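Please examine the fold shown below, beginning with its sheets and moving from there to the interior and to the confidence of the model.

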Amino acid sequence: MKFGWKKFTLHTIILNTIFFAIIFSACEFGSPLYLHGGTPVDSRSREIKILQNQDIPKFERNSAKYSFLILTDTHFGTEKTERREKEFLQKFESLLSAAQDELKPRFIINLGDTLNAGRDDEADSFNEASKTWCEKAKEISDTDDFKIYSILGNHDLYNEGWKIWKEKIWPGVSYYKFFLDADSDGKGFWFYFLDSANGTLGASQLEDLEKNLEADSAPKIIFCHYPPFVEQNGQYHFAFGNTIERNKMIAIFARHNVKFIFAGHAHEYSEHNFNKFVEVVVPSYAFKKAFALVTIDEASEKVEYKIVEY
């Protein structure tokens, strides 16, 4: 009997396609799971948004030294780990009550994977937690202006989550910057927030980023979800996949007075010194029960951090 290889191959492809369609449709992340989400980065982040004065952290008095928190991979909605919101709030309260004024966090930066599956109820849960944090800051630090700055992660894009994210997660864009001069003498820092939720910046964002970085010689801090580089037991897939893009990014950062890069995604803490700047991967808020406390000294242009567990 003559065996129909072409017919067998076509039949196998069809069966496999049906199998994976069933698997992905049943998955909480939806079919875009293996494609990093439904929208390409170039459709979201071609030109940087500059936040206006009302959206920039305010300080009651001049202070050349101040602190803020970095959270990442909060994964609101996951059932794979025990959430410890009360324990985090207690640690947050203790920092707000610190004896040294410069160590009290003035704002929070959230590096993505805020939502676990890009769902509406997960965004509501994050906003409810954010409201609690801001109210606690107002109660202890007497400030009505405590802000939480967020960027996209790959999990935020699942189930077409970009639409929900931009409507519910402030500031509603994922590629932006602001200049913070806490002591009002012009020796401030630029804060850059990048959209790396697809595992790439894309050609448009990278070109625009280089143009913005070279326009000002002030010190800069970069925040993104995917780290440009990470090596954790050989698991390079946690970093930018395109090594040409990654190397270009590193060269650009080195030329334009970038001091630190803070990223998430890998869930585990790591640090890599590129000589001109330092990259820190912040451990997951949800899975590692940790965050970073960052302190900036504008006078010396020095950035320090420590990982805090709760």
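In this predicted model, five strands form an open sheet with mixed pairing, in the order β4-β3-β2-β11-β12. Its edges are β4 (148-150) and β12 (302-309), each of which pairs on one side only. From one strand to the next, the twist averages 25°. Within this sheet, β2 (residues 65-71) and β11 (residues 290-297) run antiparallel and are joined by six bridges. Phe-68 has Val-294 of β11 as its bridge partner.

A further open sheet has seven strands, ordered β1-β5-β6-β7-β8-β10-β9, and its pairing is likewise mixed. Here the edge strands are β1 (49-50) and β9 (270-273), each paired on one side only. Strand β9 runs antiparallel to β10 (residues 278-281), to which four bridges join it; His-272 has Glu-279 in β10 as its bridge partner. Two parallel pairings can be followed through β8. β7 and β8 pair in the parallel sense over four bridges, and β8 and β10 also pair in the parallel sense over four bridges. Phe-262 of β8 takes part in both alignments: Phe-223 stands opposite Phe-262, and Phe-262 stands opposite Val-280 in β10. Strand β8 (residues 258-263) is mostly covered, with five of its six residues buried. Helix α5 lies across β5 (176-180), β6 and β7 (220-223), and runs at about 175° to β6.

The interior can be considered next. In soluble globular proteins, nonpolar side chains tend to be buried together. The largest nonpolar core in this model has 30 residues, and those with the most contacts inside it are Phe-68, Ile-70, Ile-109, Phe-191, Phe-223 and Phe-262. Apart from this core lies another, of 29 residues, which includes Phe-92, Phe-146, Leu-152 and Leu-157. With which residues is Phe-191 in contact, leaving aside its neighbours within four places in sequence? They are Tyr-66, Phe-68, Phe-107, Ile-109, Tyr-176, Lys-177, Phe-178, Leu-180, Ile-221, Phe-223 and Ile-296.

A second position that merits attention is Ser-196, placed in the loop between β6 (189-193) and α5 (202-213). Is Ser-196 buried or exposed? Ser-196 has a relative accessible area of 0% and is therefore buried, the cut-off being under 20%. Its side chain reaches the backbone nitrogen of His-225 at 3.1 Å. Beyond its neighbours within four places in sequence, Ser-196 is in contact with Leu-201, Cys-224, His-225, Tyr-226 and Phe-240.

Taken as a whole, the protein chain comprises seven helices and twelve strands. Of its 310 residues, 53% are buried. Among the contacts with a separation of 6 or more, 72% are between residues 24 or more positions apart.

Confidence is not uniform along the chain. The mean pLDDT is 88, and 86% of the residues reach 70 or more. Over residues 5-27, however, pLDDT stays under 50, and the model has six contacts beyond four places in sequence for this segment. Residues 29-36 also stay under 50, with 22 contacts beyond four places in sequence in the model.

Terms used. Residues are numbered from 1 along each chain as its sequence is written. This is a predicted model: local features need pLDDT of at least 70, side-chain atom pairs count only at pLDDT 80 or more; totals for chains, interfaces and linings use all residues. Side-chain values use heavy atoms; hydrogens and water are left out. A nonpolar core is a set of buried Ala, Val, Leu, Ile, Met, Phe, Trp, Tyr and Cys residues joined through side-chain atoms within 4.5 Å. Buried means under 20% relative accessible area, exposed over 50%, partly exposed in between (1.4 Å probe, protein chains only). Contact means heavy atoms within 4.5 Å. A polar contact is a pair of N or O atoms within 3.5 Å; within protein, one must be able to donate a hydrogen and the other to accept it, and residues adjacent in sequence count only if both atoms are side-chain atoms. Two strands pair if DSSP finds at least two bridges between them. Axes are lines fitted to C-alpha atoms, for helices over the stretch in contact, and angles run from 0 to 180 degrees between N-to-C directions. pLDDT is the predictor's confidence in each residue, from 0 to 100.
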